[in-house]
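Reader: I should be grateful for a close account of a single part of this predicted model. Please set out the surroundings of that part and how the rest of the chain packs against it.

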Amino acid sequence: MDFTKAIDNLHRILTNEERFAEITKSIFDAIDTDNSGTLEKDEVMQFIKDLLKGMQFDNVAPTEENAPLDDRYRQVFQILDENESGEITLDELGKFLRELFKEQIQELQENQEREHLRQHGAGVNGVSIQRNSF
């Protein structure tokens, strides 16, 4: 994976308000299947279900990280529904996406650093030093 390119692309989206608004509106419109101008719980749940399809394994015991999908839907909806109105507005989705993109950039930067250390990190006498070994 080209971490630098992915990080740069996300930075460009976040720093270009017009582009960010276009992406947010596009995602919002894709979820708003009844064209009501708000996202109801059922629409968000269906979108998340479609997005996560194939990621749940039937033979894996539920844990906090791999909670049943219905629990995940509720958690995501609660995060999105900032004002607890029972509906998601375009503004709420935008705030969520902005934070999601920021977190994704941080995760990509951490992965990039780990990959760099894995490939180029040499310690004393040429012995490779792993960041997590301290």
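Author: Lys-102 belongs to helix α5. With a relative accessible area of 42%, Lys-102 is partly exposed, because values between 20% and 50% fall between the buried and the exposed class. Its C-alpha lies 8.0 Å from that of Leu-10, although 92 residues separate Lys-102 from Leu-10 in sequence. Both residues take part in the contact between helices α1 and α5, and that contact is a suitable place to begin.

Helix α1 covers residues 3-15 and helix α5 covers residues 90-120; their axes come within 9 Å and cross at roughly 160°. That angle makes α1 roughly antiparallel to α5, because angles over 145 degrees are placed in that class. The crossing of α1 past α5 is left-handed. On the α1 side the contact is formed by Phe-3, Thr-4, Ala-6, Ile-7, Leu-10, His-11, Ile-13 and Leu-14. On the α5 side the participants include Arg-98, Phe-101, Lys-102, Gln-104, Ile-105 and Leu-108, and also Gln-109, Asn-111, Gln-112 and Glu-115. By class, the residues of this contact divide into 9 nonpolar, 6 polar and 3 charged.

Helix α5 is also met by helix α2. The axes of α2 and α5 come within 10 Å and cross at roughly 115°, which makes α2 roughly perpendicular to α5. This crossing is right-handed, whereas that of α1 past α5 is left-handed. From α2, the residues Glu-17, Phe-20, Thr-24, Lys-25, Ile-27 and Phe-28 meet Leu-90, Leu-93, Gly-94, Leu-97, Arg-98 and Phe-101 of α5. The contact of α2 with α5 contains 7 nonpolar, 2 polar and 3 charged residues. Arg-98 and Phe-101 are listed for the contact with α2, and they are also listed for the contact with α1.

The two partners of α5 also touch one another. Helices α1 and α2 pack at an angle of about 95°, and their axes are 5 Å apart; α1 and α2 are therefore roughly perpendicular to each other. In this contact Ile-13, Leu-14 and Thr-15 of α1 meet Glu-17, Phe-20 and Ile-23 of α2. Its residues comprise 4 nonpolar, 1 polar and 1 charged. Ile-13 and Leu-14 thus appear in the contact of α1 with α2, and both are also found in the contact of α1 with α5. Likewise, Glu-17 and Phe-20 of α2 meet α1, and they meet α5 as well.

A link from these helices to a strand is provided by Leu-39, which lies in strand β1. Leu-39 is buried, with a relative accessible area of 1%. Beyond its neighbours within four places in sequence, Leu-39 touches Phe-28, Ile-31, Asp-32, Val-44, Phe-77, Gly-86, Glu-87, Ile-88 and Leu-93. Of these contacts of Leu-39, Phe-28 and Leu-93 are also residues of the contact between α2 and α5. The C-alpha atoms of Leu-39 and Asp-81 are 9.5 Å apart, while the two residues are 42 positions apart in sequence.

Two loop residues have a notable backbone angle. Asn-35 is not a glycine, yet its phi is positive, at about 55°. Asn-35 is located in the loop between α2 and β1, and it is exposed, with a relative accessible area of 66%. Glu-84 likewise has a positive phi of about 55° without being a glycine. Glu-84 is placed in the loop between α4 and β2, and it counts as exposed at 71% relative accessibility.

For the protein as a whole, the elements are 5 helices and 2 strands, arranged along the sequence in the pattern α-α-β-α-α-β-α. Of its 134 residues, 27% are buried. Among contacts with a separation of 6 or more, 56% join residues 24 or more positions apart.

Finally, the confidence of the prediction should be considered. The mean pLDDT is 80, and 75% of the residues reach 70 or more. Among the elements, α2 has the highest mean pLDDT, 95, and α4 the lowest, 75. Over residues 57-62 the pLDDT is below 50, and this stretch has 3 contacts in the model beyond near neighbours in sequence. Residues 123-129 also stay under 50, with 8 contacts beyond four places in sequence.

Terms used
Residues numbered from 1 in each chain as written. Predicted model: local features only at pLDDT ≥ 70, side-chain atom pairs only at ≥ 80, totals over all residues. Heavy atoms only, no water. Axes fitted to C-alpha atoms, helices over the stretch in contact; angles between N-to-C directions. Helix = DSSP H or I, 4+ residues; strand = E, 2+ residues; numbered from the N terminus. Parallel < 35°, antiparallel > 145°, perpendicular 65-115°, else oblique. Left-handed = near helix turned anticlockwise from the far one by under 90°. Contact = heavy atoms within 4.5 Å. Nonpolar A, V, L, I, M, F, W, Y, C, P; charged D, E, K, R; others polar. pLDDT = per-residue confidence, 0-100. Buried < 20%, exposed > 50% of the residue type's maximum accessible area, 1.4 Å probe, protein only.
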